[in-house]
Amino acid sequence: MAYDLVVNDLCKIPNVKKAHNLHIWCLTMEKIALSVHLVAENNADTQQVLRDANNLLRTKYKIEKTTIQVEYFMESMNDCNQCKLPVN
């Protein structure tokens, strides 16, 4: 599973501007875990963003174990090094 694909899909969720601090690991051969910070528009319903993200991860990537932090956008995030995709 490529990080950039997951980040791009998460950023397509309505009201999500960025995703960063993404970590994906295996708990068992069948169970994958994920943690991520999602940056949302300031007027976004963060609970809806959370529901949409979990639904995407569950249906497309079969990830059931998630820790997702939704935070509101700040201008300083435009230059965030953590928001850049890892180089393979």
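Trainee: In this predicted model, how many of the nine residues of β2 are buried?
Mentor: The model is a prediction, and burial here means a relative accessible area under 20%. Strand β2 is largely enclosed by the rest of the structure, because the residues that count as buried number eight of the nine.

Trainee: Which strand pairs with β2 in the parallel sense, and over how many bridges?
Mentor: Strand β2 pairs with β1 in the antiparallel sense over eight bridges, and a hairpin of five residues joins β1 to β2. The parallel partner of β2 covers residues 65-72, with Ala33 bridged to Lys65. That partner is β3, over eight bridges.

Trainee: Which residue of β2 stands opposite Lys18?
Mentor: Strands β1 and β2 run antiparallel to each other. In this pairing, the residue of β2 opposite Lys18 is Val39.

Trainee: Is Glu30 buried or exposed?
Mentor: Glu30 lies in the loop between β1 (16-26) and β2 (32-40). Its C-alpha is 9.5 Å from that of Ile63, although the two residues are 33 apart in sequence. Because the relative accessibility of Glu30 is 67% and the cut-off is over 50%, Glu30 counts as exposed.

Trainee: Which element supplies the largest share of the largest nonpolar core?
Mentor: In soluble globular proteins, nonpolar side chains tend to be buried together. The largest nonpolar core has 20 residues, and those touching the most other members are Val6, Leu10, Leu22, Leu34, Val36, Leu38 and Leu57. At least two core residues come from each of α1 (3-11), β1, β2 and α2 (46-61). The largest share, five residues, comes from α2.

Trainee: Which residues does Leu22 touch, not counting residues up to four places away in sequence?
Mentor: Leu22 is one of the core residues that touch the most other members. Leaving out residues up to four places away in sequence, its contacts are Tyr3, Val6, Val7, Leu34, Ser35 and Val36.

Trainee: How many salt bridges are there?
Mentor: Side chains of opposite charge can pair when their charged atoms come close. The cut-off for a salt bridge is 4 Å between nitrogen and carboxyl oxygen. Lys12 pairs with Asp9 at 3.9 Å, Asp9 with Lys60 at 2.8 Å, and Lys17 with Glu41 at 3.9 Å. The count is three.

Trainee: How many residues apart in sequence are the parts that Asp9 and Lys60 tie together?
Mentor: The closest N and O atoms of the salt bridge between Asp9 and Lys60 are 2.8 Å apart. Asp9 belongs to helix α1 and Lys60 to helix α2, so the parts tied together are separated in sequence by 51 residues.

Trainee: Which residues do salt bridges with shared partners join into one network?
Mentor: Lys17 in β1 and Glu41 in the loop between β2 and α2 form a salt bridge, so parts 24 residues apart in sequence are tied together. Lys17 is partly exposed at 36%, and Glu41 is partly exposed at 31%. The network built on shared partners consists of Asp9, Lys12 and Lys60.

Trainee: Is Asp9 buried or exposed?
Mentor: Its partner Lys12 has a relative accessible area of 64%, and therefore counts as exposed. For Asp9 the value is 12%, and the cut-off for burial is under 20%, so Asp9 is buried.

Trainee: Over the ring of which residue does the charged end of Lys17 sit?
Mentor: The count of aromatic pairs is zero. The charged end of Lys17 is 4.5 Å from the centre of the ring in question, which belongs to Phe73.

How values were computed. Residues are numbered from 1 along each chain as its sequence is written. This is a predicted model: local features need pLDDT of at least 70, side-chain atom pairs count only at pLDDT 80 or more; totals for chains, interfaces and linings use all residues. Side-chain values use heavy atoms; hydrogens and water are left out. Rings of Phe, Tyr and Trp (its six-membered ring) pair if their centres lie within 6.5 Å; planes under 30 degrees apart count as stacked, over 60 as edge-to-face and the rest as tilted. A charge sits over a ring if NZ of Lys or CZ of Arg is within 6 Å of the ring centre and within 35 degrees of the ring normal. Helices (H or I, at least four residues) and strands (E, at least two) are DSSP runs, numbered from the N terminus. Buried means under 20% relative accessible area, exposed over 50%, partly exposed in between (1.4 Å probe, protein chains only). A nonpolar core is a set of buried Ala, Val, Leu, Ile, Met, Phe, Trp, Tyr and Cys residues joined through side-chain atoms within 4.5 Å. Contact means heavy atoms within 4.5 Å. A salt bridge is a side-chain nitrogen of Lys or Arg within 4 Å of a carboxyl oxygen of Asp or Glu. Two strands pair if DSSP finds at least two bridges between them.
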